[in-house]
Amino acid sequence: MQLDLLIEKIADKDLRHIAEKVFEGKRLSFQDAVKLFYTADLTLVGSLAEYLNRQKNGMFAYFVVNRQINPTNVCIYQCNFCSFGVTKSDPRAYEMTLEEILKKVEETHKMGGREVHIVGGIPPHWKYENYVGLVREIKNSFPDMVVKAWTAIEIHHMSKISGKSYEKVLLELKEAGLDAIPGGGAEIFSERVRKLIAPYKANAEEYLEVHRTAHKLGIPTNATMLYGHLETYEERVEHMERLRELQDETGGFQVFIPLAYWPEGTRLGGKRTSSVDDLKTVAISRLFLDNFDHIKAYWITLGEKVAQVALNMGADDLDGTIQEEKIVHAAGTKSAVGHTKERLIKLIRDAGKIPVERDTFYNPIAIYP
Ligand code: V47
């Protein structure tokens, strides 16, 4: 009855139809999602998304005690949206030693950390064994630490330099101790935009094929979308539609993470996204990706305040303590890092949600009512 009243108040007939679909548990079409991007009614879009989120996750919002490690910023791809990756001769170039990396993992392990998220540049001098060996070393030293490492871009690259299939690479990584794959490298699938922002790295089909193969082998993966640069709303929906299709096929994605573009120091330049656009994108991803259990409000790109609002507009996860982040910080974000678990709990509580500490696979570890 209350829902009927709410629907009656929506003047626009297409929006009313979309709201009806949401309340009836029906899947939104490509056109529905595009319509939601073009509407100015953020409150409606956010409320619908939060309705769906609460059906899936109740009042719970998740976080993980984790750490990001970016072993090197040397990268052959030099994508135009990225300020992190530099050439080997650049004075900003760095490469961590194995000892430095293990020390960081140890610190996180000591503070009860559950996950290391490893992603970096693709250096010209790294061999296949550098990627596999790093996973093996971490797992051997910290067997109970979940290793979420290497994006589809790195896995595609490993396949290229070793001549091994995606399946073989993933099996060898799994054997070495890889537990999950992060969602980075998706950027935007549109060929038109990819040519302009990331002309050299793996394309959409290759990204999706790596994830498809990982799912087949029982390796869970995450998915991202970098938005707010050159893409149209239609291209954002096309991106999400390709992820939704793969998720229908495999069910192997754990979470979707919309990543707001930060322009500082990039060759591409441009402007920061607005918080209205950020919240709308989170909300629409919640509504459109009906087969994804979780939507992440990544506080590094959104900022803590917008991430808290996003927890009431469709998102149910804040990622984690992170400790250290170099990729988006290189592009201008000022989000403070090195958060404690208590800080994450407070952020979620202040957003009106119940904090749940989780592992990488969304198994609850502790609830903080
Ligand atoms: O793929 C690079 C993005 C990604 C910029 O899987 C930028 O749980 C904004 O994928 N402005 C890496 N973003 C980070 C990532 C990630 C983060 C948190 C959690 C997970 C997960 C994955 O960072 C890259 C790229 O899309 N990025 N440059 C920039 N200027």
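This is a walk through helix packing and empty space in a predicted model.

Let's begin with helix H12, which spans residues 275-288 and packs against helix H4, residues 42-57. Two packed helices are described by the angle between their axes and the distance between the axes. For H4 and H12 the angle is about 40 degrees, and the axes lie 8 Å apart. Angles under 35 degrees count as roughly parallel and those from 65 to 115 as roughly perpendicular, so H4 and H12 are oblique to each other. The crossing of H4 past H12 is left-handed.

If you would like to find this contact on your screen, look on the H4 side for Leu42, Val45, Gly46, Leu48, Ala49, Leu52, Asn53 and Lys56. Their partners in H12 are Val276, Leu279, Lys280, Ala283, Ile284, Arg286 and Leu287. Sorted by class, the residues of this contact are 10 nonpolar, 2 polar and 3 charged.

H12 also packs against helix H11, which covers residues 233-250. Here the angle is about 35 degrees and the axes are 11 Å apart, with H11 passing H12 in a right-handed crossing. From H11, the contact uses Tyr233, Arg236, Val237, Met240, Glu241 and Arg244, while H12 brings Asp277, Thr281, Ile284, Ser285 and Phe288. This contact has 5 nonpolar, 2 polar and 4 charged residues. Ile284 is worth a click, as this residue of H12 appears in the contact with H4 and in the contact with H11.

H11 leads us on to the largest pocket, where it supplies at least two residues of the lining, as do helix H9 (191-197) and helix H10 (204-216). The largest share of that lining, 3 residues, comes from H9. The pocket holds about 180 Å³ of space. Of its 14 lining residues, Glu191, Arg194, Lys195, Asn203 and Ala204 lie nearest the centre. By class, the lining has 7 charged, 5 nonpolar and 2 polar residues.

Finally, what about enclosed space? The count comes to 1 cavity of 30 Å³ or more, and the largest cavity has about 720 Å³ of space. Its lining is made of 41 residues, with Gly184, Gly185, Glu187, Leu259 and Ile327 nearest the centre. Helix H7 (152-162), strand E5 (221-227), strand E6 (253-260) and helix H15 (327-330) each give at least two residues to this lining. In the cavity lining, 20 residues are nonpolar, 14 are polar and 7 are charged.

Technical notes
Residues numbered from 1 in each chain as written. Predicted model: local features only at pLDDT ≥ 70, side-chain atom pairs only at ≥ 80, totals over all residues. Heavy atoms only, no water. Axes fitted to C-alpha atoms, helices over the stretch in contact; angles between N-to-C directions. Helix = DSSP H or I, 4+ residues; strand = E, 2+ residues; numbered from the N terminus. Parallel < 35°, antiparallel > 145°, perpendicular 65-115°, else oblique. Left-handed = near helix turned anticlockwise from the far one by under 90°. Contact = heavy atoms within 4.5 Å. Nonpolar A, V, L, I, M, F, W, Y, C, P; charged D, E, K, R; others polar. 1 Å grid on protein atoms, 1.4 Å probe; cavity = no way out; pocket = protein on both sides within 12 Å on 5 of 7 lines; lining within 4 Å. Points joined across faces, edges and corners; volume = space filled by probe spheres on them.
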